[in-house]
Structures are given as C-alpha cells and as structure tokens.
Protein chains: 2
Amino acid sequence: MHRNLRSFRFAPLSVRMTLGVFALFAATVQAQTTPDDIVKRELATSRSYETLEVLTDNIGPRLSGSSNAAAAVRWATATFQKWGIPATTEKVMVPHWVRGIEDARLVSHRNQKIFLTALGGSVATPAKGITAEVIEAGSFDELKSLGSKVKGKIVFYNNPMDIDLVRARRSFDAYSKAVVFRSEGPSRAAQYGALAVIIRSVTSASLRTPHTGALRYDAKLPKIPAAAMAIEDAMLIDRLLKKGERVRMHLVLTPRTLPEVASANVIAEIRGNEKPEEVVLIGGHLDSWDLGTGAIDDGSGVAMVMETLRVLKEMNLTPKRTIRCVLFMNEENGLNGGRTYFANHKNEKHVAAIESDAGAAAPTGFRTTLKGDALADLERRAQALASVGAAHFETTAETGADTSFLVEAGVPGFSLVPDPLHYVDYHHSAADTLDKIDPKELAQDSAAVAALAWVLANR
Amino acid sequence: MHRNLRSFRFAPLSVRMTLGVFALFAATVQAQTTPDDIVKRELATSRSYETLEVLTDNIGPRLSGSSNAAAAVRWATATFQKWGIPATTEKVMVPHWVRGIEDARLVSHRNQKIFLTALGGSVATPAKGITAEVIEAGSFDELKSLGSKVKGKIVFYNNPMDIDLVRARRSFDAYSKAVVFRSEGPSRAAQYGALAVIIRSVTSASLRTPHTGALRYDAKLPKIPAAAMAIEDAMLIDRLLKKGERVRMHLVLTPRTLPEVASANVIAEIRGNEKPEEVVLIGGHLDSWDLGTGAIDDGSGVAMVMETLRVLKEMNLTPKRTIRCVLFMNEENGLNGGRTYFANHKNEKHVAAIESDAGAAAPTGFRTTLKGDALADLERRAQALASVGAAHFETTAETGADTSFLVEAGVPGFSLVPDPLHYVDYHHSAADTLDKIDPKELAQDSAAVAALAWVLANR
C-alpha cells in the first residue's frame, strides 16, 4: 500500500485490486517503478558516502572562488558523465574572499591566546593589528544603550544559543536567534564607532572551536573587521568583564577580498517522458566554508541529490516529469548560484524544488511550503518515506536558501530535515569533516530525497 | 557513626556512648573535628572554583619555564599567605620548551590543511619544513615489519583509543594503551630512518582538536620532529592510504628548547599537634600544557589541595599529623618537581601521599596502594566520603606521577578518581578550560580530598 499507484490511477477498483495482487507476484518486473523500491535500492547500495568521500577527502574545502571550488565543479560534471548522465555548467560570478592571519591575544591578561576565526567577507585589520578595549553587548538594545561608549573599542556580542531549543531539536530556531549578531552585528557596531566586532561562535558544543559564517555589511557604514571566538573564549572574556576587569585585546585579521571569479552551478537531469518541460528540482550546494571539508555543509546534500539521479539511471527509471539536479555555487557567501539559476530558468515550469542543506543525520522528514489538501495528497503518495523515518511533513514559509528565489516565485518548496541536534555544532567549523557522518544515515537521507523526487515527478 | 572517633579511642564503651550522646547536643562545638563536617563545610562554601578561576583566567597556560608558570608560583604562594597559611617555595630546575609555528599540508591532496600540534619536547623541522611521504604503522610490530620502507618518510602511528574501555569508564587504561606511541614512537621510528612522526591524538572526542603531550627521546638515536594530529586528520590520511593513494605531507614545526629555568614547587602546611614530624602530603601540579589553560590538568587538583588547607584553617582545625600541600612544578614534561621534592624530603616521615591529577568531574573514590586490613580500617574511618560518592577505594600499584617517588619508597599512595569518562577528551588540548568544570563537582572533589587527608592525619 505504500507503493506509487500511478499506473492504477484510471483503473476501476476491481482492476486495481487485481493489478495489486498481480504486482505482488510480479514484483521483479514492477518493483522499479515504485518509491519503495527506490528506497530499498538506495539503502542496499549506500553509495552516497563514497561520492561524499571523494568530494571531501580528495578535494576538501571549497570556498567560492577558490581553486578547490573550481575542482569541485569539474569533478561533479565528470562524475555525472561517468554515470552516463549528461551534465552542464552554468556560469556564476562569485566573490573571492581569502582568509589570512588570525591572531588574537588578551594583552590585559598575560597575552592569553583567544581562539577565533574571521567572519566570511570581513575586511582586514591593519597588518600589525589593532589593540583596543573589549566591550560586551548582549543584544542590539544593549549596544544602543552603550552608544558612544563603543567608540574606539572592540564590540563583543555574547550571543549564546538557546540550549533548551537545541535539546528540543529546534537547533535551527536557536541558530536563527543567535546568528543575527554575526550577520548584522558588525555594521550595527560600526554605527557607534566600534573598531572591530567579535561574536561568540554560534554552536552548542565546542572544543575551543571557532565557527565562521557570512556577515552582511551595510553599504552606508564603515566596514570593520569581524571574527567569531570559540565559546570558551567568549565565556572567559564574559567572566573577566563581569568581575569588573578591563579587557584589552590585540587583534590581527588579514583576509583579502580579491576580484570576482567566474564559477558555475552544475546541472544534470533525467528528462521526463510525459511532461519533460515540467521540472522537479533537487539541489544542494557545492561550495563550502574554508575551515573544514564541508562534509555536512553541504557535501552530504550534494551527494544525496547526485545519488538520486544515479539510482534512477541505474534502475532504468524514467519519470513523467524531468528531475533536475542543481549543484549550486556560492550558497555560503553570496547566494549567487541560486540567484543566477533563477534568473536563467525562471520561465521554466518548476513543479517543486527540494533542497538538502541540513546535514546527513538520520532523516526525520521534510519541511515544505505545501499545505492543506495538496500536502495531504502528497503524504498519501509518499508513504514510502516512512520506512526511513522521513514521512513527516512540516509546513513552513521557507525551505532553503538556494531555492528561495523559486519558492518566493510560487514554486512548492521542500527541504530534507535530518535530525538537527548536532548540525550547527560542526557546520562552518574545521570540524565539518566526513567522520561526522554515518554512512547508513546518509543512505537513508539519499533514499528519502530520491523517493520524494520520484513521487513529485510522477504525480 | 561516620564521625571521626579519635577523641573516644581510649575510653571504655559506656563513656564513648555518653560522649556520643553529648556530641549530638553539642554539635556546634564538636562538629569541626569530624570529616563529615569538613565535607559539609566544603560543599557549603564551594570556593575551589573561585581559586581555579583566578589561576586559569588570570594566569592561563603554565608550561614549565614560562613566565606564566613563574606567575603561578607567585600567585599560589601569595594566596596561601592571604589565607593565613605560611607557604614556601622549593627550587626546581625545569626544561624550557617553547612551541613555534605548526603547519602541515597534504601536498598530494590539494594542500589540505592537517590540524596538528607538536609533541612537548619535539625538535624542530628545518624552518622551511620537510616534505615527505606519509607511511602508516598501526603498531610497533608493524613498524618493524616495514623496516627500511620507513626511511626518509613521515611515520604516522594510527593509534585509536579503545572506545569500549572509555565507555566502561576505564579511560585511563585506554589512554595508557594508546599513549605509548606518543612517548616512544618518535625514537622507534628514528631507528628506521624516519624523518618525522605524527601520531593520532590520544582522545575519544574531537572537533578537529589536536592533543599534545610529552615524548621521550632515546638518547642513542637521532631526535626527529613529532606531532599529534586531530582524530579527523588521522582518519583522513588513514582512508587515503587504505585506498592506495600516495600521501605526501609538508610539515613545519619550529619549537625551541631553551636553557633550563629555575622554577619552584610551592609548599604550605598545617602542622600537626601530636606528631608534627609525620606528614600527610596532598598534591597537584601547578604547571600545565601550553594549549589550554590547564583547568582540568591540573588546575583543579591544585585548587582542591589548596582548598583543603584553607577549609581546615578556617575551621580552626589542627590535625594530629602535619598536612602538607605540595604544588608540584613540571609534572607534564619532566617530573622535576616530584623528583626534587623527593630528593629534599625523603628522610621525613610521610605517612600518606594523596595526589589529585585526574580532573574535576564528580568523585567516584580513590585509588590507593593500601590493601587488606589497613585499607579496611581506613574505609571504616573514611565513611564520610560516601556523602560525596567518593567512598570507593581501589587498590593499584601506581597512584600518581609526582608522588611516585615517595610511593616507590613505600609511602602509602592515594589518588582521587573523578569520573574519568571525558577527562582525556579535554586534557593536553586547547579545550582544557574552566568551562569544562562543574563547580559543584569540584566542590565534591575538594571535600573528598580534605576529608581523606583529615582522616589520614588523625589515624
């Protein structure tokens, strides 16, 4: 009963039952047309992990504009072609930001080293660094009330994640609340004359592990250097300040923003045989931050959506509608891949956009912009997802960054929801590496994406 | 019944009972003479954490020979004196090893950065580094069988901790098995002509976190540079080699060994009023590795033994025997503090030596060299430990590093055993910081050490 009933759709009940019984005995013939069998095949082969292993171990970090990002584009294109799936690239202009020296010391406290990393896009300090007093703000309101006291100082946003939300497996909600200081904090502090900004890394676990991520400068305000400290260092400075001690930091950050680079989205598809002009998009992003090897963010998403095409191809399955895999470039620090794709393809009929960019822990379901009858209908068709624990759909306004342009234009959006408990503990840090991923869970994720794509393409 | 019955010892039974009843009504007068009350006082005041906070936040890392180590000696001496406890220093000559640049890249794999840190005492590579093939050895037998293949290469000891032992809370057994590659590995590899050695960090958890620790060069063999990689990096190289790929690393390590420095043990004591010449030693080590702030290794031990004297002093308690607190210098990379103390004090009568150097998780009991009737007798007297979960004694041959010289000379040894589950996950890494410690658990540890010292000093 969990099978795709597409071939029965117009048959009267008695015939459907007969066909159902027939299908039971002729499973070897009918099997490949059902999402259940896609799931089984995917779990049996479990090759997403091998794909991800090559991407992370043999290419490694893939920040937009880097030679590694270019290598990833070549690798993905060649890999699809090796699998017999035609793939093309779509030119995307991307920023080219390069991390430099990162050194911070508490000159007021025996030159203790502070573990931090520049936020993506940060401007540099002078080469010799700056030395200034650290002033803490727990919120933008507090920053505002500090006002002119901020001038000439390093603003420290002490923005802990809400650990209760994390424990309730609402890590992304906790993340969203805390990450605003990373994106908006630098310019807000610049407004009051701050010299630099350091935030507390947005994570719920740390072994002195700083987490980077993009900032957003306000074009009307001076750009000031910004970095994220490890939780331990944020707690240290917070303790010292709370005891009334004066904390002075020497900070050297020498990142550079080089000229834009021509990079690419990688696009591959299996054309539909009934409505090929209708597209179910499945996507992840090929770029990563530069600290780790981007295994959970978002090598695993890339591996899942690549594997979806591979498994369909190997099972010789042709969907009614086209299933198109898009490996976006520059999700992390610009979203230019998603933006470019939308500019180039907005006139095509996208019937759904599935994005996977939340790691590779065991699947729990999907977020979707669908609701009401449309969602109920999909849930009936997608019952195969239950076998990998991914049959839960939650309606939300937003489902993904790269596909947000499509979704805002009215395309039904979906995003895979792996167990979110530890995702932000690794992502954007050097600890985002292959070993954090369980091959079985990644296979379950891949099966969930493949099955949902199949269902959506055959509605 | 858990109280110290010292004052009743020679009284006939009827008198003891009378006195017992009296004690019940005169608790305010008698209370301070019992280990139970020491425990209660310690738990109520919980000030070890404040002591530790100053040591770790305001001084920070304290590697032997560093100015921070010297500052720690001054601070500890002054702190005892502030508490009204006379303290002296005892000169200890210590090595002065200074970490330098640490940079490793896989030149065979797109220059991927390898997260590593030099082992303590390592010699340097040439300033421009070395570039060589990496060869893996899972054991010394495997190294031997590789023989001449090792020549000119970087030997990678892939020495994972036995995770089952860790889960069984036998972390130190797992540690001992794995750490032999850190201490002996460099010289063993040098024997076969290796250029350098990298080990897998000895830890059961990692967020790309390398762990340092001392190596032991064989004076008869060439000294080669040695470092420890994060687990993630060890797993990466292991995967690449297992797939048959050739792995070449560029390695730069520029540590320096400077001339020996005159440092010190800090010694403070409360003299006994009956047998002052008999000493119960309580000790931890004041030095730490240079990466973290030495909160669990061994700032917490220092805080516990300092607090023991403080609480006795504040309660106006005078033991029968002298309780002497020794804050040893150079436990981590030389043991010169323990060696010097023994040389200077071996003719004094030490009746027990309690060492605390295993972190500050909740206490579970003590390891001791005592056994048989002597241990059974102590267990009866030390029942106050049960209230903090520390009443379990396990007989072992070794109880601590700094006090090993005394224990080998026949002094009964004791070491506090906090829950060992995560100790090695932090120690010797940058993540050994104050936030890893629960103030309540540290207070329980302090109470356990104080109560045991009191019992031993009053037997």
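## A tour of the two chains

Start with both chains on screen: a turn of 180° and a shift of 0.0 Å along the axis lay chain A on chain B with an RMSD of 0.0 Å (superposed by least squares on the C-alpha atoms of residues with pLDDT of at least 70 in both). The two copies are thus related as by a two-fold rotation axis. To find that axis, select A:L207, whose C-alpha is the nearest to it in chain A, at 3.0 Å.

This is a predicted model, in which local features need pLDDT of at least 70, side-chain atom pairs count only at pLDDT 80 or more, and totals for chains, interfaces and linings use all residues. Residues are numbered from 1 along each chain as its sequence is written, while chains are lettered from A and ligands numbered from 1 in the order in which they are written.

**Chain A alone**

Hide chain B. Chain A contains 16 helices and 16 strands (DSSP runs numbered from the N terminus, with helices being H or I of at least four residues and strands E of at least two). Along the principal axes, its C-alpha atoms fill a box of roughly 80 × 40 × 35 Å. The radius of gyration of chain A is 24 Å, which agrees with the value near 23 Å for a compact globule of 459 residues (taken over C-alpha atoms; the globule rule is 2.2 Å times the number of residues to the power 0.38).

**The interface**

Show both chains again. The contact takes 25 residues from chain A and 25 residues from chain B (two residues are in contact if their C-beta atoms, placed from the backbone, lie within 7 Å). On chain A, select α4 (48-59), α5 (67-82) and α10 (231-242), the elements that give two or more residues to this side. The largest share, five residues, comes from α10(A). By class, the side of chain A that touches chain B has nine nonpolar, nine polar and seven charged residues (Ala, Val, Leu, Ile, Met, Phe, Trp, Tyr, Cys and Pro count as nonpolar, Asp, Glu, Lys and Arg as charged, and the others, Gly among them, as polar). The copies meet through the same surface, because 100% of the interface residues of chain A are also interface residues in chain B.

**A helix pair in chain B**

Now select residues 48-59 and 295-314 of chain B, helices α4 and α11, whose axes come within 9 Å and cross at roughly 130° (axes are lines fitted to C-alpha atoms, for helices over the stretch in contact, and angles run from 0 to 180 degrees between N-to-C directions). The contact includes B:L52 and B:L55 of α4(B) and B:V302 and B:M306 of α11(B). Its residues divide into seven nonpolar, five polar and one charged.
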